[in-house]
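Work through the exercises below with the structure open. Each task is followed by a solution in steps.

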Amino acid sequence: MTVDDILLALQDVKDPEIPTISVVDLGIVTKIEIINNVINVVITPTFVGCPAIDIMKRDVETALRTLGADDVHVEVNYDIPWSTNRVSERGRAALLKHGLAPPQPYTVEFELDVLNDTACPFCGSRNTTMKSPFGPTLCRSLHYCNNCLQAFEGFKPL
């Protein structure tokens, strides 16, 4: 069993709120160790108080027990802060497939103005309007496309 085997198994563990994206592509898996046939995984929630973290922790443990390890330990840790820059390109495509505008990568500091330049996940137009920086969860914002006339959610860069 290798780290690659573990990452492959974790591709099947999806975010309960966004079932098109894996915990690996969401970037919440921050550490993997194999010591004496025991798997240790550290996951970092997308934000403090994430209601799905216990479900994801359980699902990670369940997926990894199928690999034949003697034991599996999954730790939730906030030492390595999560940011949307951790979302993989495959993850950005999965967000788009779910109907969420993927977050734009940023290099220095997140500016609220970036939410005003969010492409529509349905038609790709940037002729969009942010209706609210606050969506149904802390990591989403609400937008409207002036081209295809669809309301949509954007995944905020954090």
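**Exercise 1. A bridge and its sheet**

Task: Find the bridge partner of Ala101 in strand 9, then place the two strands in their sheet.

Solution. The model used throughout is a predicted one.

Step 1. Ala101 has Gly154 of strand 9 as its bridge partner.

Step 2. Strand 6 and strand 9 are joined by 2 bridges and run parallel.

Step 3. These strands belong to an open sheet of 4 strands with mixed pairing, in the order 6-9-8-7. Strand 6 and strand 7 (128–132) are the edges: each has a single partner strand, so one side of each lacks a neighbour in the sheet.

**Exercise 2. The hairpin of strands 3 and 4**

Task: Describe how strand 3 pairs with strand 4, and state which residues of the loop between them have a positive phi without being glycine.

Solution.

Step 1. Strand 3 runs antiparallel to strand 4, and 6 bridges join them. Within this pairing, Ile32 is opposite Val41 of strand 4.

Step 2. The two strands make a hairpin with 2 residues between them.

Step 3. Asn36 sits in the loop between strand 3 and strand 4. Although not a glycine, Asn36 has a positive phi of about 50 degrees. Its relative accessibility is 70%, so Asn36 counts as exposed.

Step 4. Asn37 is placed in the loop between strand 3 and strand 4. Asn37 is not a glycine either, and has a positive phi of about 65 degrees. With 30% relative accessibility, Asn37 counts as partly exposed.

**Exercise 3. A threonine in strand 3**

Task: Decide whether Thr30 is buried or exposed, and list what surrounds the residue.

Solution.

Step 1. Thr30 is part of strand 3.

Step 2. The cut-off for buried is under 20% relative accessible area. Thr30 has 18% relative accessibility and therefore counts as buried.

Step 3. Beyond neighbours within four places in sequence, Thr30 is in contact with Val42, Ile43, Thr44, Ile80 and Arg86.

Step 4. With one of these residues, Thr44, the side chain of Thr30 makes a polar contact of 3.3 Å.

**Exercise 4. The buried side of helix 3**

Task: Check the length of helix 3 against expectation, then locate its buried residues around the axis.

Solution.

Step 1. Helix 3 has 13 residues. From first C-alpha to last, helix 3 reaches 18 Å, close to the 18 Å expected at 1.5 Å a residue.

Step 2. The buried residues of helix 3 are Ile53, Met56, Val60, Ala63 and Leu64. They lie on the same side of helix 3, because the arc they cover around the axis is only 90 degrees.

Step 3. The packing partners of these buried residues are helix 1, strand 1 (14–15), helix 2, strand 4 and strand 5.

Step 4. Lys57, also in helix 3, counts as partly exposed because its relative accessibility is 27%. Apart from neighbours within four places in sequence, Lys57 is in contact with Ile43, Val74 and Val76.

**Exercise 5. The nonpolar core**

Task: Which residues touch the most other members of the largest nonpolar core, and which element gives the most to this core?

Solution.

Step 1. The largest nonpolar core has 32 residues, and those touching the most other members are Leu10, Val23, Val41, Val60, Leu64 and Phe155.

Step 2. Elements giving two or more residues to this core include helix 1 (3–10), strand 4 (38–43), helix 3 (53–65) and helix 4 (89–97). Helix 3 gives the most, with 5 residues.

Step 3. Take Leu64 as an example. Leaving out neighbours within four places in sequence, Leu64 is in contact with Ile6, Ala9, Leu10, Ile39, Val41 and Val72.

**Exercise 6. The two faces of helix 4**

Task: Sort residues of helix 4 into buried and exposed, and say what the buried ones pack against.

Solution.

Step 1. Gly91, Arg92, Ala94 and Leu95 are buried in helix 4. They line one face of the helix, because seen down the axis they fall within an arc of 160 degrees.

Step 2. The face turned away from this buried side carries the exposed residues Glu89, Arg90 and Lys97.

Step 3. The buried residues of helix 4 pack against strand 2, helix 2, strand 6 (100–101) and strand 9 (151–155).

Step 4. Just after helix 4 comes Gly99, with a positive phi of about 90 degrees.

Conventions
Residues are numbered from 1 along each chain as its sequence is written. This is a predicted model: local features need pLDDT of at least 70, side-chain atom pairs count only at pLDDT 80 or more; totals for chains, interfaces and linings use all residues. Side-chain values use heavy atoms; hydrogens and water are left out. A nonpolar core is a set of buried Ala, Val, Leu, Ile, Met, Phe, Trp, Tyr and Cys residues joined through side-chain atoms within 4.5 Å. Buried means under 20% relative accessible area, exposed over 50%, partly exposed in between (1.4 Å probe, protein chains only). Contact means heavy atoms within 4.5 Å. A polar contact is a pair of N or O atoms within 3.5 Å; within protein, one must be able to donate a hydrogen and the other to accept it, and residues adjacent in sequence count only if both atoms are side-chain atoms. The expected span of a helix is 1.5 Å times one less than its number of residues. The arc is that of the directions from the helix axis to the C-beta atoms. Two strands pair if DSSP finds at least two bridges between them.
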